[in-house]
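Visitor: Can you walk me through this one? I'd like to keep it quick.

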Amino acid sequence: MSIDRWNPASKQNSITTLQFILTIHSMQLGVAALSMPGDLARISGTDGWIALFFGWMFSSAASLIIVQIMKAYPSGTIIELMAHFFGKWTGKLTALLFGVYMSIFAYLILDRMALLIQSWIMQQSKTYILMLLFFVPAYTIVIGGVRAIGRYCEIVVLLSLWMLGAMLFLLKEGNWLHLLPVLKEGWMPVIRTINTTIISFLGFESVFFLYPHLDNKKNASWGVLAANTYTLLIYLFLTLICFLVYSPDQISEYNEALLTVVKIIEFRFMERFDIIMLACYLLVISKTWVPALYFGAFSVKRLLIVGKPKRYAWLFLAVMFAITYVWDPDWNESQNAMKWFSRLGLAVAYVMPVLLWGVLSILLRFKRWQT
Amino acid sequence: MTMIRRFLKLMGAGGQASSRKAKGGAVDRHAPLSTSLERNLADLKRIFTEAPDLVIRTFPYKQTGRRAALAYLNGLSDKNSINNNILHELMQVDEEEGTPGILPVSIGKVETCTSWTQLEYAVLNGQSLLLIDGADRVFALATQGWPQRAIADSQIEASLKGAHQAFVETSESNIALIRRLLGTSELKIKEMIVGNRVPCKVSIMYMEDLTEPEFISTMSQRIAKLDTDCILNTGELAEMLEDQPFSLLPQLITTERPDTAASQILQGRICVVVDRSSSVLIAPVNFVAFFHGIDDYSTRWPIASFMRLLRFFACFVAIFLPGIYIACISFNYEVIPLDLILSIGQFRAAVPFPPFIEALIMEITLEMLREAGVRLPAPVAQTVGIVGGIVIGQAAVQAGIVSNLMVVVVASTAVASFIIPNYDMAAAIRLMRFPIMIMASLFGIIGIISCFMVLLARLISLRSLGESYGVPIAPLRIRDWKDVFLRLPLWTMVKRPSSVRSLQKRRMGSSEHGGEEG
C-alpha cells in the first residue's frame with residue numbers, strides 16, 4: 001500500500017516540467033537575494049546588475065552540462081550514475097559528497113533564516129527555538145519526496161508573486177539617474193563581481209537529483225534554462241529596485257538592502273511593512289533549504305542503505321537542532337561559513353560537472369560503456 | 001484468577017465468528033434449505049426468536065394445492081401489496097387461470113433464496129418470504145415499505161436556486177434521485193455489502209465512459225476490506241475510507257444534494273450511496289471543491305465568481321484573523337501605526353487578560369452558543385442567539401472582560417466561517433484556528449507563518465482516494481482554474497477538469513468534433 005516516495009525510478013514520484021523549473025529556481029532564490037544588492041554595490045557600484053548576466057551565463061552553461069551528464073543514465077540520480085559508470089565505491093563516495101554538501105547547504109540556510117528572524121523580529125528568542133518552528137512542515141515535505149517538494153515550490157512561488165507586485169510600489173521612490181552612467185568605471189569592477197553573482201545562482205546542481213524524476217526528459221534542457229532565467233529576472237528586478245531607490249553610496253551601508261528598502265512602504269493602517277514582507281519571505285527561504293535537506297537525507301540513505309526515509313528526516317532535523325544548540329553561530333560566523341561553503345559550491349556545481357562531462361564523453365566513445 | 005480467566009474468555013469470544021453462531025441458535029446458515037415446510041418454518045422461528053414483529057401466515061397454495069407460508073416483518077413491509085398482490089393471488093388463482101410453474105403474484109421483483117443467510121437478509125430488508133411445501137428454494141418478494149420521510153429541502157446545504165430535493169434514508173430513493181438527473185445508461189451502479197452483524201448495502205455510482213477505472217477499483221477494494229459490525233451513517237463510512245484519518249481536513253465530500261452528486265459524477269468522480277443514510281460520498285475530491293456550491297452554476301458567472309472569491313477570503317479570515325490579531329497586539333505591535341495602537345491600548349487598558357486568553361474566552365463562548373443553537377428547537381435557538389449576542393456584544397465589553405476590537409475580530413471570524421459551504425470543511429477550519437492562536441501568542445507572526453507552512457505541507461501531501469488533494473493549485477493545472485477561484489462562463493469550460501482524469505476530456509462541442517475524443 002505505502003509507496004516509496006524516495007525512489008527516483010518510480011513513476012509515482014515523477015514531477016512535471018513546471019515543478020522541475022520551479023524547484024531549481026526555488027533552490028537558487030533564497031537568503032542571497034536579501035543581501036545581494038548591497039554586496040553587488042559594494043564591489044562594483046551601481047553597475048553590479050550587469051554582472052548578474054554573467055552569473056546567469058555561467059550557471060546556465062553549468063546546468064546544461066549537468067543535464068548532458070544526466071542523460072547518460074536517465075533513470076537514476078548522480079549517485080546511481082557514478083555507481084553505474086565508475087563502480088560501487090565511487091557511487092558511495094558521491095553519495096557522501098552530496099550528503100555532506102546538501103546537508104551543509106540546508107543547515108546554513110536554515111540557520112541564516114533563524115538569524116534573520118532573530119535580528120529583525122524576535123531579538124530575545126534563541127536561534128534553535130526559531131529553527132524548531134519550521135521542523136514540522138519540513139519533515140512533512142521531506143518524507144513526501146521530490147513530488148511533495150515540487151508541489152511545495154509550485155504553491156509557494158504562486159503565493160509569493162504578490163511580493164513582487166508590492167515591490168513595484170517602490171518604483172515611484174526610485175530615481176533612474178542612479179544607474180547612469182552605465183559602466184562608469186569600465187568592465188573591470190563588473191568582472192570582479194561575477195564571483196558573487198555566480199554563487200548566488202547556486203542551487204541548479206539539484207538537477208543532479210531532479211533529473212530522473214522529470215516526467216518528460218526532453219524538456220530538461222530548456223527547463224534548466226527557464227529556471228535560471230526566471231531567477232535572473234527576479235534578481236535583476238530586486239537589484240534594480242534597490243539601486244533605483246538608494247543612492248549609490250547609501251546602499252552599501254545596509255546588510256539586507258532588500259529588507260530596508262521595503263521599510264519605505266507604509267500605509268495608514270500599517271507601519272513596518274518590512275516585517276510582514278520578511279515573514280512572508282520566510283516561505284520563499286524555506287523552499288531553498290527543504291529540498292537541500294531532502295537531497296542530503298536522500299544521499300545519506302543511499303550511502304547507508306538501511307532504514308526508512310522517515311527516520312533519516314528526523315535524524316537530520318535532530319542533528320541540525322543539536323548543532324545549533326551547541327554551536328549557536330552568530331551573524332559573522334554564519335557569514336564566514338557561507339563564504340567557505342560557496343567555495344565548495346563552486347567546486348561541486350561548476351568544476352565537477354565540467355570534469356565529469358569530459359570524462360564521461362570520452363568514456364562513452366568506447367563501446368564497452370554504452371549500456 | 002477466575003476474574004482474569006473470565007476476562008480472557010470474553011476477549012476470546014469477542015470475534016465476530018463466534019458472535020454469529022451465538023445469535024442463531026443451532027441453525028446452520030449455510031446449509032441448504034429443507035423441502036419440508038414445517039422444518040423450514042421451525043428454523044425460521046428459531047432464527048427470529050423474540051421477534052413479535054415477524055408475521056407468518058400459512059395458507060393453501062391454490063395453483064398446486066400444496067401448503068405454503070408467507071413470512072415478513074410487520075413494520076418493514078408494505079401490507080397493501082402483501083394482501084392484494086400476494087396473498088390474494090396465491091389463494092385465488094387456480095390451475096386454469098395461471099401458467100403452471102410461474103408464481104401468480106403481481107410483484108415486480110422476485111428473488112429466489114437458497115440459504116438461510118440470504119433469507120435472513122431478505123426478511124430484514126422488508127422482503128416477504130414465500131415458502132412452499134416441497135420446494136427446496138424460497139421466494140423473496142419485494143414488498144419493502146418501511147416508515148420513510150418525504151423528500152424535502154436540504155437542511156445543511158441550503159441553496160437558493162438549485163433543486164429543492166435532498167436525499168432521504170433509503171438508498172433506492174437516493175439512487176432514483178440521481179438517476180432522474182443523469183438519465184443515461186452509462187450511469188453504472190456497483191453494489192457491495194458492508195457490515196458483518198448488520199449488513200448494509202453500499203452502491204458505487206459512476207459514469208462508465210467518464211470515470212477513471214482506477215478510482216472504482218480503489219474504492220471497491222477499500223470498501224471490500226472493511227471489517228466492521230455495522231455502518232449506520234455515511235460519515236462512518238467516510239472516516240474508514242479516508243486516506244489519512246489523522247488529518248484535520250476532510251478528504252471526501254459528503255453531500256445531501258442529488259444535484260451536487262450528479263454534477264460531480266458528470267465530472268468523472270464517483271459517488272457512494274449508503275443505505276439508511278441521507279447523504280452520499282463523493283470521491284476523489286480536492287481542497288478547492290469544498291468551496292464550490294451548486295448555486296455557483298445556477299447564478300450568473302460574475303456573481304458566482306465573486307461569491308467564490310469571497311469564500312476563499314472567508315476561509316483565510318476564519319483561519320488566521322484571531323491569530324493575526326493576537327500576534328499584532330501582543331508581539332508585533334511595531335506593525336501597527338502609533339495612533340492606532342494608542343486607540344487600541346485605550347480599549348485594552350480595562351481588560352485584565354492577555355490577548356490570547358481574551359480571544360480564547362470569546363471564541364469558546366461563541367462555539368458554545370453555536371452548539372447550543374444546533375441542539376435546541378428553532379424558536380428557543382433564536383432566544384439563545386439574542387441573549388448570547390447581547391452578552392458577547394455589549395455586556396462583556398462593558399464589564400471589562402474583553403475589548404471592543406476583540407468582539408469585532410471574533411464576530412467577523414464567526415461570520416466568515418459560516419460562509420464556507422461545506423460543513424465538514426467549516427468545522428475543520430473552526431478547529432484549525434485554535435493551534436494558530438496558540439502559536440501566535442507564543443511566537444507572533446513567525447508562529448503564524450510556521451502554521452501556514454504546516455498547512456501548505458499538509459495540503460500538498462494529502463490524498464483523496466490516491467489522488468492529490470492540492471490539485472489544481474499544486475500540482476498546478478492552470479487550465480482547470482476556470483472553475484476554481486473564479487467561475488468563468490460555462491461555455492468556456494469546454495473540457496472537464498483535467499485533475500479528475502476523466503476518460504473523455506471534452507464536455508462541450510463534441511458534435512462538431514466528430515464525437516467525443518478519448
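Visitor: Let's start with H9(B). What covers its buried residues?
Guide: The cover includes helix H6 (171–181), S6, S7, strand S8 (253–255), S9 and strand S10 (280–283) of chain B. Those touch it by contact, meaning heavy atoms within 4.5 Å. Helices (H or I, at least four residues) and strands (E, at least two) are DSSP runs, numbered from the N terminus.

Visitor: Any ground rules before I go on?
Guide: This is a predicted model, where local features need pLDDT of at least 70, side-chain atom pairs count only at pLDDT 80 or more, and totals for chains, interfaces and linings use all residues. Residues are numbered from 1 along each chain as its sequence is written, chains are lettered from A and ligands numbered from 1 in the order in which they are written, and side-chain values use heavy atoms, with hydrogens and water left out.

Visitor: Back to H9(B). How many of its residues are buried?
Guide: Seven of the nine, across residues 258–266. Buried means under 20% relative accessible area, exposed over 50%, partly exposed in between (1.4 Å probe, protein chains only).

Visitor: Which ones are buried in H9(B)?
Guide: Pro258(B), Asp259(B), Thr260(B), Ala261(B), Ala262(B), Gln264(B) and Ile265(B). Just after the helix, Gly268(B) has a positive phi of about 105°.

Visitor: S7 was part of that cover. Why is S7(B) called largely enclosed?
Guide: Because eight of the eight residues of S7(B), 200–207, are buried. Both faces are covered. Cys200(B), Val202(B), Ile204(B) and Tyr206(B) sit on one side. Lys201(B), Ser203(B), Met205(B) and Met207(B) sit on the other.

Visitor: Why the every-other-residue pattern?
Guide: In a regular strand, side chains alternate between the two faces of the sheet.

Visitor: Which strands pair with S7(B)?
Guide: S6(B), residues 187–194, runs antiparallel to S7(B), with eight bridges. S9(B), residues 270–274, is also antiparallel to S7(B), over four bridges. Two strands pair if DSSP finds at least two bridges between them.

Visitor: Give me a register for each. What stands opposite Met205(B)?
Guide: Ile189(B) does. On the S9(B) side, Val202(B) has Val274(B) as its bridge partner.

Visitor: And the turn between S6(B) and S7(B)?
Guide: That hairpin has five residues between the strands. Gly195(B) takes a positive phi near 110° there.

Visitor: What comes after S7(B)? Where is Glu212(B)?
Guide: Glu212(B) is in the loop between S7 and helix H7 (213–225) of chain B. It counts as buried because its relative accessibility is 15%. Setting aside neighbours within four places in sequence, Glu212(B) contacts Arg501(B) and Leu503(B).

Visitor: How far is Glu212(B) from Gly268(B)?
Guide: They are 56 residues apart in sequence and 7.2 Å apart in space, C-alpha to C-alpha. That is the Gly268(B) found just after H9(B).

Visitor: New topic: S5(B). Buried or exposed?
Guide: Buried, at residues 138–141. Val138(B) and Ala140(B) point one way, Phe139(B) and Leu141(B) the other.

Visitor: Which strands does S5(B) pair with?
Guide: S3(B), residues 110–113, pairs with S5(B) antiparallel over four bridges. Cys113(B) is matched with Val138(B). S4(B), residues 128–132, is antiparallel to S5(B) too, over three bridges. There, Leu130(B) is matched with Phe139(B). Gly134(B), in the hairpin of S4(B) and S5(B), has a positive phi near 95°.

Visitor: Zoom out. What does chain B look like overall?
Guide: It has 16 helices and twelve strands. Of its 518 residues, 48% count as buried. The C-alpha atoms fill a box of roughly 100 × 80 × 45 Å along the principal axes.

Visitor: Now chain A. Where is Thr46(A)?
Guide: In the loop between helix H2 (32–44) and helix H3 (48–71) of chain A. With 2% relative accessibility, Thr46(A) is buried.

Visitor: What does the side chain of Thr46(A) bond with, in polar terms?
Guide: A polar contact of 2.4 Å links the side chains of Thr46(A) and Lys184(A). A polar contact is a pair of N or O atoms within 3.5 Å; within protein, one must be able to donate a hydrogen and the other to accept it, and residues adjacent in sequence count only if both atoms are side-chain atoms.
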